[in-house]
Structure formats: C-alpha cells, structure tokens
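User: I am new to this structure and would like a close look at a single part of it, followed outward into its surroundings. Please start from one turn and take your time.

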Amino acid sequence: MPSILSSFELIVEPLVPFPIANGLGIPDPVSVQAYFLLLSNPEKNNIALVQLDFISNPNTSGASTFNGNSQGFKAVNAFENLAGNTAPVTGFTITSDKTAKAIFSIPPLGTVLFLLQPDVSPLKDFDATNNFGYDLRGYVEINAMAGSTIFASPQIRGTFFSLGKKGQLLAPPILQSELPKNPGIQVYSQQAYSLTTPGSSLFSF
C-alpha cells in the first residue's frame with residue numbers, strides 16, 4: 001500500500017514579482033526551486049523497486065506564462081543519481097494533467113538521489129524585462145515491493161540566478177554540472193530545507 005511521503009513545490013519565478021527591482025534597472029534574481037529526495041535501501045541482499053506518485057493541487061496544473069498555457073508536469077524533468085552518475089529516470093511518466101509517477105530501483109545497501117525539477121529551457125525566450133513564472137505544488141506518495149524497507153529524506157532546494165541576455169538559457173535541466181558551459185548564468189546563492197515526513201522517515205512495505 002502506498003504511503004504519503006511529503007509535500008513538494010516546484011518554482012521558476014523572479015524572487016520579487018517585478019521585472020526590474022526598485023526601478024533602478026537591476027534585474028531581479030530568478031528562483032529555480034526543485035524537489036530532492038534521498039532514498040536508502042538498508043537491505044543487504046534485496047533490490048528495492050520504488051514507485052513515487054506525484055499529485056498536484058486539484059485547482060492548478062502549473063500556471064505558466066512561459067508560453068501563455070498551463071504546463072503542469074509537462075514542464076518537469078526527473079533524474080536519479082547513483083554513485084555520482086546523474087541520468088534521466090526512464091520510468092518517469094505523466095499519468096494525467098495533474099499527476100505523474102516515477103519507478104526506479106535501489107540496489108542492496110544503496111542510496112539514490114531522486115530529483116524532480118522544472119525545465120527552465122523556455123527562459124531562452126525571456127529577459128529581465130519579461131514577466132514569467134511557473135509553479136507546481138502538491139504531495140508525494142511512496143510505494144515499494146512487499147518486504148522492502150526504505151529510508152527517505154525529502155528536501156526542497158532553491159537556486160537563485162540572474163537572467164542572461166535575451167536568447168540565452170538561464171540554466172539547462174542539470175543546473176550545476178552545466179554552469180561552466182554557460183557563461184551567461186550567474187548564481188547568486190542557494191538554499192535548501194528538509195521536508196517533514198508523516199510519523200517516521202523509515203517506510204516498511
């Protein structure tokens with residue numbers, strides 16, 4: 001049976017909702033907020049097959065002015081990192097306009113970092129004078145094979161950028177690994193905070 005794991009919130013928007021801060025011609029930093037989840041399999045001999053279900057707010061599906069249309073999970077990328085190697089989650093699927101799921105495995109005694117983050121590539125068509133935004137929030141359910149035990153540590157991480165000249169990408173889907181290749185990207189700072197889990201961070205199935 002699935003268990004509620006945590007809430008989630010994905011955001012791409014100016015830190016202050018005005019194109020130019022204070023009328024001084026200073027571009028407002030752009031906040032890119034993503035969902036990070038560390039999952040550990042303490043079993044010594046068994047692979048854990050995990051399913052995450054993402055359910056967004058029923059009255060929204062990711063309002064976006066990237067192109068004037070609501071994007072929902074269509075503007076989201078999912079990745080997994082095991083032993084320092086980051087790759088797209090092949091088992092990530094959009095199940096409706098307001099739901100998505102991810103299925104992947106964790107080796108015995110292994111720990112996987114799962115990332116769900118907005119696709120910021122539409123920002124290539126915007127500059128600091130444009131009004132834009134994307135937000136998607138809801139909650140996450142976790143399920144695994146019977147007999148599995150999973151230790152989960154969910155987190156929200158935000159990175160603050162300045163938006164480059166029009167036509168330049170703010171950031172590619174993998175933010176940090178691509179920064180040296182994109183001189184137009186300037187990181188202001190980063191922030192991370194842990195999310196609460198109901199009862200315990202240890203889930204038994």
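Analyst: A good place to begin is the hairpin formed by β6 and β7, in which two residues lie between the strands, and where A83, in the turn, has a positive phi of about 60°. This is a predicted model, and what follows should be read with that in mind. The two strands of the hairpin, β6 and β7 (residues 85-88), pair in the antiparallel sense over four bridges, and within that pairing N81 stands opposite T86 in β7.

A second hairpin can be described in the like manner. Strands β8 and β9 form a hairpin with two residues between them; β8 covers residues 92-96 and β9 residues 99-106, and the two run antiparallel, joined by four bridges. Here F92 stands opposite A102 in β9.

From the first hairpin one can step back to the loop between β5 (48-56) and β6 (76-82), which holds F73. This residue takes part in one of the structure's five aromatic pairs: F73 and F8 form a tilted pair, with 6.2 Å from centre to centre and 40° between the planes. The partner F8 sits in strand β1 (residues 3-14), so that the pair links parts of the chain 65 residues apart. With a relative accessibility of 2%, F8 counts as buried, and F73, at 1%, counts as buried as well. Another of the pairs is made by F54 and F114, whose ring centres are 5.9 Å apart and whose planes meet at 20°, so this pair is stacked. Because F54 lies in strand β5 while F114 lies in strand β10 (residues 111-118), the pair ties together parts that are 60 residues apart in sequence. Both F54 and F114 are buried. Taken together, ring pairs link F8, Y35, F54, F73, F104 and F114 into a cluster.

Some of these aromatic residues also stand out in the largest nonpolar core, which has 39 residues and in which Y35, L52, F104 and F114 have the most contacts. The strand β6 of the opening hairpin is among the elements that give two or more residues to this core, the others being β1, β4, β5, β9, β10, β11 (134-144) and β12 (149-162). Setting aside neighbours within four places in sequence, L52 is in contact with L5, L37, A100, K101, A102, F104, F114, V140, E141 and I142; A102 is also the residue that F92 stands opposite in the second hairpin. Apart from the largest core lies another, of five residues, among them A34, F36, L113 and L115.

Strand β4 (residues 30-40) also holds S31, which is buried, with a relative accessible area of 9%. Leaving aside neighbours within four places in sequence, S31 is in contact with I11, V12, E13, L15, T159 and F160.

Finally, a word on confidence. The mean pLDDT of the protein is 78, and 69% of its residues reach 70 or more. Among its elements, β5 has the highest mean pLDDT, 95, whereas helix α1 (residues 175-178) has the lowest, 46. Over residues 167-185 the pLDDT is below 50, and in the model this stretch has 40 contacts beyond near neighbours in sequence.

Terms used
Residues are numbered from 1 along each chain as its sequence is written. This is a predicted model: local features need pLDDT of at least 70, side-chain atom pairs count only at pLDDT 80 or more; totals for chains, interfaces and linings use all residues. Side-chain values use heavy atoms; hydrogens and water are left out. Rings of Phe, Tyr and Trp (its six-membered ring) pair if their centres lie within 6.5 Å; planes under 30 degrees apart count as stacked, over 60 as edge-to-face and the rest as tilted. Buried means under 20% relative accessible area, exposed over 50%, partly exposed in between (1.4 Å probe, protein chains only). Contact means heavy atoms within 4.5 Å. Two strands pair if DSSP finds at least two bridges between them. A nonpolar core is a set of buried Ala, Val, Leu, Ile, Met, Phe, Trp, Tyr and Cys residues joined through side-chain atoms within 4.5 Å. pLDDT is the predictor's confidence in each residue, from 0 to 100.
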